[in-house]
Amino acid sequence: MFNEEIVASFKSKETPFYYYDLGLLKKTLTACKIASDAFNFHVHYALKANFNERVLSLIQSNGFGADCVSGGEVKRAVESGFDKKQIVFAGVGKSDTEINDALDQNIFAFNVESVQELEVINELAEVKGKMASVAVRINPNVDAHTHHYITTGLDENKFGINSWDLPMVSETLKRCKNLEFLGIHFHVGSQITDMNVFKSLCVKVNEMQHWFEERGMPVKILNVGGGLGVDYHHPDEEAIVDFESYFQIFADFLIVKPYQEVHFELGRALVAQCSSLISKVLYVKHGIKKNFVILDAGMTELMRPALYQAYHQIDNISKLKVESLKSKNEGIETFNSSPSTLNYDVVGPICESSDCFGKEVQLPETKRGDLIALRTAGAYGEVMASAYNLRPAIRHAYSE
Ligand code: LLP
């Protein structure tokens, strides 16, 4: 992701900023497209992971659909050129205004999360004299084995409709004249690295489609959500996720009939590795037990470590040194980690103790003015930024 030329180009830029490697994004999108096309699977990109305009424009032009969770995201997807027939609208709390706007846009489908929401969409569609296409989000009670804040598919989570409510769902769908039942939707969580989770999901999807079809309700769309994890510990070596193995699981375990389409909603796996948050070292403090590197970026620019204790690799890119590695990535740029390596707690400037990017991080001896890259920040980085402490708006840099 980095070379001396790129780092030199950063020197004149005001920090902090998100740096996007659009070349890597393109390669990732191509890899995903080839792997999904092989099975005729459809991928809707989950805008919530990153809605940067240049990122969206590339994703759209590579033929992906859009998975949105707010009226704002639906609007942004339309503005970015996504085909309306490839836009889905999910979310546990859609407001009437959001539903009306989406009906006006004639989007592909609503992923509906409760029986009451079915009734509301039906009423609003009736007023407009329209049919609303809906997929029902079912809570499969599958444990994603990921951080509890990003687990969504358990009975105890607020998302989706629990299996014991399904008779009410089918009764409502049959009664509501302005709803067209398209299919079923699932999403069990995010940053899933254990592929067995997806196998268990397939088993549930098969059970559920059978349940509906037995009741004379054909299931045209099987939407299995997103959640594929990335390697935060090896951003260079594993820059592109193994999409082939991921899709192969669904090809092997999902029962797909000729009239059915399989949809995915990937966010993180498409965008996480293509961006780093670039920050400058403001101060270095040497304590008795600890050394601190104080950055000009904080939890306001990248909240994941503070919120989920998430790991992001931290590189001092001012100490970039080209080494020919003996690994499969021969010739990549790496970082001089010897001989003068020290342990630092890398923290931000925000008035919160949780504003810490990493403890005991081994870095080459670091000085005021050095540039630090917080890696794998393309997903749920920029989008979760806040203005807390009246921080300035996010800045950007791009390479093609
Ligand atoms: N579909 C639904 C219904 C979702 O709720 C999500 C993510 C996705 C798709 C996309 O999941 P992905 O492929 O990106 O894992 N802020 C957290 C992640 C929250 C994920 C929310 N839902 C983080 O920084 O890890």
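1. Is C356 buried or exposed? C356 has a relative accessible area of 16%, and the cut-off for buried is under 20%, so C356 counts as buried. Keep in mind as you read on that this is a predicted model.

2. While we're on cysteines, how many disulfides are there? The count comes to 0. A disulfide here needs two cysteine sulfur atoms within 2.5 Å. For C356, the nearest cysteine sulfur belongs to C351 and sits 15 Å away, which leaves C356 in no disulfide.

3. C202 tells a similar story. Its closest cysteine sulfur is the one in C32, and because 16 Å lies between the two, they are too far apart for a bond. C202 is also buried, with a relative accessible area of 0%.

4. Next, have a look at helix 2, which covers residues 22–37. The helix has 16 residues, and at 1.5 Å a residue they should span 22 Å. The C-alpha atoms at the two ends are 22 Å apart, so expectation and model agree. At the start of this helix, a side-chain oxygen of D21 comes to within 3.2 Å of the backbone nitrogen of G23.

5. Which residues of helix 2 are buried? They are L22, G23, L24, L25, T28, L29, C32, A35 and S36. C32 is the cysteine that came up in point 3 as holding the closest sulfur to that of C202. The cover over the buried residues of helix 2 comes from several parts of the chain, including strand 1 (17–21), strand 2 (42–46) and helix 3 (53–61). From further along the sequence, helix 9 (243–253), helix 10 (268–271) and strand 18 (395–399) are also among the covering elements.

6. Now the ligand. Around it are 18 residues, and the closest are S190, E265, R304, Y308 and Y380. For E265, a polar side-chain atom lies 2.7 Å from a ligand nitrogen. D67 also points a polar side-chain atom at a nitrogen of the ligand, at 3.5 Å. From the backbone, a polar atom of G267 is 2.9 Å from a ligand oxygen. How much of the ligand does the protein bury? Alone, the ligand would expose 590 Å², and the protein buries 92% of that.

7. R304, one of the closest residues to the ligand, is worth a stop of its own. You'll find R304 in helix 11 (residues 304–308). Its relative accessibility is 5%, so R304 counts as buried. The side chains of R304 and Y232 are joined by a polar contact of 3.5 Å. Beyond its neighbours within four places in sequence, R304 is in contact with Y232, R268, Q309, A310, H312, A379 and Y380. Y380 is itself among the closest residues to the ligand. As for K84, that residue is 220 residues from R304 in sequence and 31 Å away in space, C-alpha to C-alpha.

8. Finally, where does E301 lie? E301 is in the loop between strand 11 (291–295) and helix 11. Despite the loop setting, E301 is buried, at 4% relative accessibility. Its side chain makes polar contacts with the side chains of T300 (2.9 Å) and R391 (3.0 Å). Not counting residues up to four places away in sequence, E301 touches P16, Y18, L277, G381, E382, A385, R391 and I394.

Note on methods: Residues numbered from 1 in each chain as written. Predicted model: local features only at pLDDT ≥ 70, side-chain atom pairs only at ≥ 80, totals over all residues. Heavy atoms only, no water. Buried < 20%, exposed > 50% of the residue type's maximum accessible area, 1.4 Å probe, protein only. Helix = DSSP H or I, 4+ residues; strand = E, 2+ residues; numbered from the N terminus. Expected span 1.5 Å × (residues − 1). Contact = heavy atoms within 4.5 Å. Polar contact = N/O pair within 3.5 Å; in protein donor to acceptor, adjacent residues only side chain to side chain. Near = heavy atom within 4 Å. Areas by Shrake-Rupley, 256 points an atom, 1.4 Å probe, with all protein chains shown as cover.
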